[in-house]
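Dear colleague,

I am passing on the structure we spoke about, and below it you will find my notes on what turned up when I went through it. Please read them with the coordinates open beside you.

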Amino acid sequence: MLRLEGLGLFLGMTLLYGVWDGSWWIYAALFLAPDLSFVGYLGGPRLGALLYNAAHSYMAPVALLTLGFGLASPLTLSIALIWLAHIGIDRALGYGLKYSAGFGFTHLGRIGRQKDA
């Protein structure tokens, strides 16, 4: 159900972006930007999880969306829609918020190859 919810978010935000008549070049350029938070894993799993979760929770893009509507800023709205679409596709693919135990430990379950015991 959570993956289906993520797919709905991705499709909905992408559709809204298209209706909003946003630039598809900007969409393509920024779609993977939240994944730059992976760099945090160079500082260890605790920092990596903190930065990844900050970039992949709904709080910041929803705040940005609200700000974009309040300021009537097309670029701000576009960034928020792209960011939410990214989070949606990640969730649809099973990439949830991370636990500090390591990248493969998420709120949606384990990801990646499991080592045999």
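Does tyrosine 27 count as buried or exposed, and at what relative accessibility? Bear in mind that this is a predicted model. Tyrosine 27 has a relative accessibility of 10%, and because buried means under 20% relative accessible area, this residue counts as buried. Its ring partner, tyrosine 17, is also counted as buried, at 0% relative accessibility.

Aromatic pairs

There are six aromatic pairs in the structure. In the one formed by tyrosine 17 and tyrosine 27, the ring centres are 5.2 Å apart and the planes stand at 50 degrees, so the pair is classed as tilted. Since tyrosine 17 belongs to helix H1 (residues 2–19) and tyrosine 27 to helix H2 (residues 24–30), the pair ties together parts that lie 10 residues apart in sequence. Both tyrosines also take part in a cluster, in which ring pairs link Phe10, Tyr17, Trp24, Tyr27 and Phe31.

Another pair joins phenylalanine 38 and tyrosine 52, whose ring centres are 5.6 Å apart with planes at 15 degrees, so this pair is stacked. Phenylalanine 38 is found in the loop between H2 and helix H3 (45–56), while tyrosine 52 is in helix H3, and the pair therefore ties together parts that are 14 residues apart in sequence. As for accessibility, phenylalanine 38 counts as partly exposed at 36%, whereas tyrosine 52 counts as buried at 1%.

Charges over rings

The ring of tyrosine 52 also has the charged end of lysine 98 sitting over it, 4.5 Å from the ring centre. A similar arrangement involves tyrosine 58, where the charged end of arginine 91 sits over the ring at 5.0 Å from its centre.

The nonpolar core

In soluble globular proteins, nonpolar side chains tend to be buried together. Here the largest nonpolar core has 15 residues, of which Phe10, Met13, Tyr27, Phe31, Leu65 and Ala85 touch the most other members. The elements giving two or more residues to this core are H1 and helix H5 (74–92), and H5 gives the most, with eight residues. If neighbours within four places in sequence are left aside, phenylalanine 10 is in contact with Tyr27, Phe31, Ala85, Gly88 and Ile89.

The contact of H3 with H5

The axes of H3 and H5 come within 10 Å and cross at roughly 115 degrees. On the H3 side the residues are Tyr52, Ala54, Ala55 and His56, and these meet Trp83, His86, Ile87, Asp90 and Arg91 in H5. Sorted by class, the contact of H3 with H5 has five nonpolar, two polar and two charged residues. Two of the residues named here have appeared above, since tyrosine 52 lies under the charged end of lysine 98, and arginine 91 places its own charged end over tyrosine 58.

Backbone angles to look at

Two residues other than glycine have a positive phi and may interest you. Aspartate 21 has phi near 65 degrees; its place is in the loop between H1 and H2, and with a relative accessible area of 67% aspartate 21 is exposed. Alanine 72 has a positive phi of about 50 degrees; this alanine lies in the loop between helix H4 (59–71) and H5, and it too is exposed, with a relative accessible area of 61%.

With best regards

Terms used:
Residues are numbered from 1 along each chain as its sequence is written. This is a predicted model: local features need pLDDT of at least 70, side-chain atom pairs count only at pLDDT 80 or more; totals for chains, interfaces and linings use all residues. Side-chain values use heavy atoms; hydrogens and water are left out. Rings of Phe, Tyr and Trp (its six-membered ring) pair if their centres lie within 6.5 Å; planes under 30 degrees apart count as stacked, over 60 as edge-to-face and the rest as tilted. Helices (H or I, at least four residues) and strands (E, at least two) are DSSP runs, numbered from the N terminus. Buried means under 20% relative accessible area, exposed over 50%, partly exposed in between (1.4 Å probe, protein chains only). A charge sits over a ring if NZ of Lys or CZ of Arg is within 6 Å of the ring centre and within 35 degrees of the ring normal. A nonpolar core is a set of buried Ala, Val, Leu, Ile, Met, Phe, Trp, Tyr and Cys residues joined through side-chain atoms within 4.5 Å. Contact means heavy atoms within 4.5 Å. Axes are lines fitted to C-alpha atoms, for helices over the stretch in contact, and angles run from 0 to 180 degrees between N-to-C directions. Ala, Val, Leu, Ile, Met, Phe, Trp, Tyr, Cys and Pro count as nonpolar, Asp, Glu, Lys and Arg as charged, and the others, Gly among them, as polar.
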